[in-house]
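Me: Please take one part of this model and go through it closely. I would like to know what covers it and which rings lie around it.

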Amino acid sequence: MDHLRMNGAYWGLSTLDLLHKIGTVNPDEVVSWVMSCQHQECGGFGGNVGHDLHLLYTLSAVQILALLDRLDVLDIEKVSDYVSGLQNEDGSFSGDMWGEIDTRFSYIAICCLAILRQLDKINVGKAVEYIVSCKNLDGGFGSTPGGESHAGQIFCCVGALAITGSLHHVDRDLLGWWLCERQCKDGGLNGRPEKLADVCYSWWVLCSLIMIGRVHWIDTEKLASFILNCQDRENGGISDGPDNAVDVYHTFFGLAGLSLMEYPGLKSIDPAYASPVDVVNRIFFGKSRIA
């Protein structure tokens, strides 16, 4: 799992912050490691020291630094140039130099540039047009035009449209119906029809429903019970389903889902930026330390 370490750091640190426990880590050590994963010649980040750079790891690095209020260590121009340089002529984004295109990368680029306050470096109109071209007859979105609707892709597209002020392109009732149909008998949510419930979709589906104003179409009490039933009550952590092995990915998205449902004791999380609300407010309305 070495190639995912940057993502794992983002999931783990965000979990600690939601639990009001971010003070248990040494921020200077975290920042030093994050910066050791940067490719200095272009500004992007790899998933670990010496690994290839990618948009996904770059966003996780930026989110970690924002979480710790250390965006000042970045060369904002260099990082934003790397991200914006991956936009294609049709408005889509490639994940890295090898050219794979996916609406996940559209969200990642838009979210990253928004946090860095550099959205003007891309053609936002074309980016939105490309995302809208991936909308399906069922109201959902796929990874590319004509791709199957999937809850993860829907979050990415709806999140990107929310950040750019373009949610008017979404058919809220049609998409809301597709999303609320993701709730299974056990209360959990799945990503596609006929799939088992998975804790991570407590985030992907719930976020999208919140952003389009249709969260009241599901039973949030049953969903919260499903997430809590996926805990390891002896060792801590949350798994994808009851009695399965826990991991930091599902722990974060399980807690993030509970946070969206205002579970007691958790900090609030922003559904579009996947970061604690106080971090987002500090970036856009406070005095974030951006160089």
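**Helix 9 and its surroundings**

Reply: Gly 213, with a positive phi near 75 degrees, follows helix 9. This is a predicted model, in which local features need pLDDT of at least 70 and side-chain atom pairs count only at pLDDT 80 or more, while totals for chains, interfaces and linings use all residues. Residues are numbered from 1 along each chain as its sequence is written, and side-chain values use heavy atoms, leaving out hydrogens and water.

Helix 9 (helices are DSSP runs of H or I with at least four residues, numbered from the N terminus) is mostly covered, with ten of its eleven residues buried. Buried means under 20% relative accessible area, exposed over 50%, and partly exposed in between, with a 1.4 Å probe and protein chains only. Among the buried residues of helix 9 are Tyr 201, Trp 203, Trp 204, Cys 207 and Met 211. The buried residues of helix 9 pack against helix 7, helix 8, helix 10 (220–228) and helix 11, where contact means heavy atoms within 4.5 Å.

Two of these neighbours also meet one another. Helix 7 (residues 151–163) packs with helix 8 (residues 172–180) at about 145 degrees, their axes 11 Å apart; axes are lines fitted to C-alpha atoms over the stretch in contact, and angles run from 0 to 180 degrees between N-to-C directions. Ala 151, Ile 154 and Val 158 of helix 7 touch Leu 175, Trp 178 and Leu 179 of helix 8. Six nonpolar residues, no polar and no charged ones make up this contact between helix 7 and helix 8; Ala, Val, Leu, Ile, Met, Phe, Trp, Tyr, Cys and Pro count as nonpolar, Asp, Glu, Lys and Arg as charged, and the others, Gly among them, as polar.

Next come the rings. There are ten aromatic pairs in the structure. Rings of Phe, Tyr and Trp (its six-membered ring) pair if their centres lie within 6.5 Å; planes under 30 degrees apart are stacked, over 60 edge-to-face, and the rest tilted. The centres of the Trp 204 and Phe 253 rings are 4.8 Å apart and their planes are at 40 degrees, so this pair is tilted. Trp 204 belongs to helix 9 (residues 201–211) and Phe 253 to helix 11 (residues 248–260), so the pair joins distant parts of the chain, 49 residues apart. Trp 204 and Phe 253 are both buried. Ring pairs also place Trp 204 and Phe 253 in a cluster that includes Tyr 10, Tyr 107, Phe 155 and Trp 203.

Note on methods
Helix = DSSP H or I, 4+ residues; strand = E, 2+ residues; numbered from the N terminus.
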